[in-house]
Amino acid sequence: MIDARRLRTLRAVADHRTVTAAAAALYLTPSAVSQQLAALELETGHHLLAREGRGVRLTAAGEILLGHADVVLAQLERAEADLAAYSAGVSGEVTVASFATGISLVLAPAIGTLADRAPGVRLKVLDAEGDASLPMVLDGRADLAVAVEYRGAPRADDARLTRVPLYAEPFEAVLPLGHPLAESEGPIAVADLADEPWIGPYPGNPCHDVVLLACEHAGFQPRLVHSSDDFRAVVALASAGAGVALVPRSALLGVDLGRAVVRPVDSALATRRVFAAVRAGADGHPLIRPVLDALAEAAAATA
């Protein structure tokens with residue numbers, strides 16, 4: 001009999017590529033993780049891991065078992081959801097990881113909706129960048145993520161997650177007041193900003209990926225001179241004449257533009273796509289389902 005807890009450990013090691021990182025994600029000691037993996041190898045009769053540099057990789061047998069592990073773990077999530085629904089009396093805490101503007105746009109309004117419709121559901125909100133929230137859900141540190149597409153993100157058809165689309169928002173150009181395109185009518189061509197100094201988020205931030213993709217599609221690599229993940233700082237730098245930027249529309253709400261101006265751009269690729277994600281099988285849980293519904297309703301109102 002294969003222990004499902006050990007399958008969860010195998011999935012964590014496959015995700016994090018080292019026993020130490022997997023142990024940290026599972027709140028276990030490295031020795032405990034190693035013992036669980038050794039027991040799993042005894043249960044299956046196969047070597048599941050092989051050393052690779054300072055980390056580990058799955059063997060062919062490990063990859064086969066991992067595919068089954070994802071299905072088994074998703075089914076266990078469904079079983080827990082069905083038992084929770086049977087117990088009825090919906091009351092409990094749901095931990096949600098979201099980036100800052102996602103909190104403002106959909107998560108905060110959802111809290112108000114839940115207070116009226118599902119008062120027994122309590123949300124614990126964790127501010128996490130768009131590329132951090134999905135690993136938190138997969139590791140069990142959060143029940144639900146409000147996340148964005150980014151390079152290296154789990155694919156939309158990843159069997160470990162169930163996604164619910166929320167909204168898509170355009171990026172807009174932020175230019176110094178005296179910029180030649182500041183007074184232009186209609187959308188600005190991203191290609192017309194090719195020779196400018198740029199201000200943008202650090203690599204690893206999903207918004208950095210969107211900016212690069214829009215510029216690459218326009219035929220150039222942006223010359224990133226200034227870097228900040230704080231869009232207020234980005235706007236302040238543009239206001240000071242330090243460069244140009246592409247910023248998500250919602251991140252500009254309530255921001256003092258100073259001597260900067262905002263203009264739409266002509267690129268459909270300059271768009272942030274936002275979705276909610278839970279572990280596969282958990283979307284029917286009586287605590288999580290009302291949260292997903294409230295988020296979808298808040299997103300529709302925002303649109």
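What share of the contacts in the protein chain with a separation of 6 or more comes from residues 24 or more positions apart? Residues at that distance along the sequence account for 74% of these contacts, where contact means heavy atoms within 4.5 Å.

**Before selecting anything**

This is a predicted model, in which local features need pLDDT of at least 70 and side-chain atom pairs count only at pLDDT 80 or more, while totals for chains, interfaces and linings use all residues. Residues are numbered from 1 along each chain as its sequence is written, and side-chain values use heavy atoms, with hydrogens and water left out.

**The whole chain**

Begin with the protein chain in a cartoon view, where nine helices and 11 strands can be followed; helices (H or I, at least four residues) and strands (E, at least two) are DSSP runs, numbered from the N terminus. The C-alpha trace spans about 70 × 50 × 30 Å along its principal axes. Of the 303 residues, 48% count as buried, and the scale used here takes buried as under 20% relative accessible area, exposed as over 50%, and partly exposed as in between (1.4 Å probe, protein chains only).

Switching to a surface view, one looks at an accessible surface of about 14700 Å², of which 54% belongs to carbon and sulfur atoms; the areas come from the Shrake-Rupley method with a 1.4 Å probe, and for residues only the protein chains shown count as cover. If the charged side chains are coloured next, there are 26 positive and 36 negative ones, and the centres of the two sets lie 5 Å apart. In this count Lys and Arg are positive and Asp and Glu negative, with His and the chain ends not counted, and the place of a charge is taken as NZ of Lys, CZ of Arg, CG of Asp or CD of Glu.

**First stop: the largest pocket**

Select F99, A100, T101, F231 and A251, which, of the 21 residues that line the largest pocket, are the closest to its centre. The space in this pocket is about 390 Å³. A pocket is found on a 1 Å grid over the protein atoms alone, as an open set of points where a 1.4 Å probe fits, with protein on both sides within 12 Å along at least five of seven lines, and lining residues have an atom within 4 Å of a point. Grid points are joined across faces, edges and corners, and the volume is the space filled by probe spheres set on the points. Now add the helices α5 (100-117), α7 (206-217) and α8 (231-239), each of which supplies at least two residues of the lining; α5 gives the most, with four residues.

**Second stop: two buried strand residues**

Move to L161 in strand β6 (residues 161-176), which counts as buried because its relative accessibility is 9%. Apart from neighbours within four places in sequence, L161 is in contact with L134, V137, L138, P154, V278, R279 and A280. A distance drawn between the C-alpha atoms of L161 and D70, 91 residues apart along the chain, should read 9.5 Å.

Then select G200 in strand β7 (residues 197-200), which at 2% relative accessibility is buried. Not counting residues up to four places away in sequence, G200 touches L224, H226, S227 and S228. G200 and L246 are 46 residues apart in sequence and 7.4 Å apart in space, C-alpha to C-alpha.

**Third stop: loops and a helix with more open residues**

R17 sits in the loop between α1 (4-16) and α2 (19-26), and with a relative accessible area of 41% R17 is partly exposed. Its phi is near 70°, a positive value in a residue other than glycine. Y27, in the loop between α2 and α3 (30-44), also has a positive phi, near 60°, and counts as exposed at 63% relative accessibility.

Next comes R54, in the loop between β1 (49-52) and β2 (55-58), which is exposed at 86% relative accessibility. R54 and R6 are 48 residues apart in sequence and 22 Å apart in space, C-alpha to C-alpha.

Finish at A79 in helix α4 (residues 60-87), which is partly exposed, with a relative accessible area of 33%. From A79 to H285 the C-alpha distance is 9.2 Å, although the two residues are 206 apart in sequence.
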